[in-house]
Amino acid sequence: QRSDLYFGRDIPGGGQVSELAWKAFSDSVISAYFPGGYTEWDAKGRWKDTETKETISEPTKVVTFFGKMSKDRSAAIDSIAQRYLRRFRQQSVLRTDSKAKVTFINKTP
């Protein structure tokens with residue numbers, strides 16, 4: 001199972017989640033839920049603001065998780081999103097889930 005969370009970095013009312021604030025969140029929150037690892041990358045998101053009805057463009061952090069889906073894993077992903085919403089006063093965090101075939105390619109002797 002592949003799950004992705006999309007974290008917009010603009011803060012309602014002004015400002016932006018800085019790289020330092022993101023790193024602190026990733027290190028203290030995401031790593032606590034997924035100590036086995038995850039991938040994070042930068043993106044540029046576009047979405048329609050539900051209040052102003054304007055299309056917004058903002059820097060975004062995407063975090064990708066791979067693993068067997070379970071209620072605990074799903075709850076952990078939702079908890080990460082909820083903690084981001086509260087910490088940075090966000091309207092929403094986008095979550096996607098899809099089946100994925102995962103293989104590690106190792107060095108052959």
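## Sheet, aromatic cluster and surface patch

Strand β1, which covers residues 2-8, pairs with β4 in the antiparallel sense, and the two are joined over 5 bridges. The model described here is a predicted one. Within the pairing of these strands, Y6 has L94 in β4 as its bridge partner. Both strands belong to an open sheet of 4 strands, whose order is β2-β3-β1-β4 and whose pairing is antiparallel. The edges of this sheet are formed by β2 (39-48) and β4, each of which pairs on one side only. On average, and with direction ignored, neighbouring strands of the sheet are turned by 25° against each other.

The aromatic residues offer a second way into the structure, which holds 10 aromatic pairs. One of these pairs is formed by W22 and F25, and it is tilted, with 5.8 Å from centre to centre and 40° between the planes. Both residues lie in helix α1 (residues 19-33), where they are 3 residues apart, or about one turn of the helix. W22 counts as buried because its relative accessibility is 1%, and a residue is buried when the value is under 20%. F25, at 0% relative accessibility, likewise counts as buried.

W22 also pairs with Y84: the centres of their rings are 6.0 Å apart and the planes stand at 70°, so this pair is edge-to-face. Because W22 lies in helix α1 and Y84 in helix α2 (residues 71-88), the pair ties together parts that are 62 residues apart in sequence. Y84 counts as buried too, since its relative accessibility is 0%. W22, F25 and Y84 are among the members of one aromatic cluster, which also takes in F7 and F88.

The two pairs described above are set out in the table.

| Pair | Centre to centre | Angle between planes | Arrangement |
|---|---|---|---|
| W22 and F25 | 5.8 Å | 40° | tilted |
| W22 and Y84 | 6.0 Å | 70° | edge-to-face |

The surface also carries aromatic side chains, as a nonpolar patch shows: F66, V102 and F104 together make a patch of about 360 Å². One of its members, F104, is found in the segment after β4 (94-98). With a relative accessible area of 73%, F104 is exposed, because that term applies to values over 50%. Whereas F104 is exposed, W22 in helix α1 is buried, as are F25 and Y84.

How values were computed:
Residues are numbered from 1 along each chain as its sequence is written. This is a predicted model: local features need pLDDT of at least 70, side-chain atom pairs count only at pLDDT 80 or more; totals for chains, interfaces and linings use all residues. Side-chain values use heavy atoms; hydrogens and water are left out. Patches are made of residues with over 30% relative accessible area and no salt bridge: like charges are joined within 9 Å, nonpolar side chains (Val, Leu, Ile, Met, Phe, Trp, Tyr) within 5 Å. Accessible areas come from the Shrake-Rupley method with a 1.4 Å probe; for residues, only the protein chains shown count as cover. A salt bridge is a side-chain nitrogen of Lys or Arg within 4 Å of a carboxyl oxygen of Asp or Glu. Buried means under 20% relative accessible area, exposed over 50%, partly exposed in between (1.4 Å probe, protein chains only). Rings of Phe, Tyr and Trp (its six-membered ring) pair if their centres lie within 6.5 Å; planes under 30 degrees apart count as stacked, over 60 as edge-to-face and the rest as tilted. Two strands pair if DSSP finds at least two bridges between them. Axes are lines fitted to C-alpha atoms, for helices over the stretch in contact, and angles run from 0 to 180 degrees between N-to-C directions.
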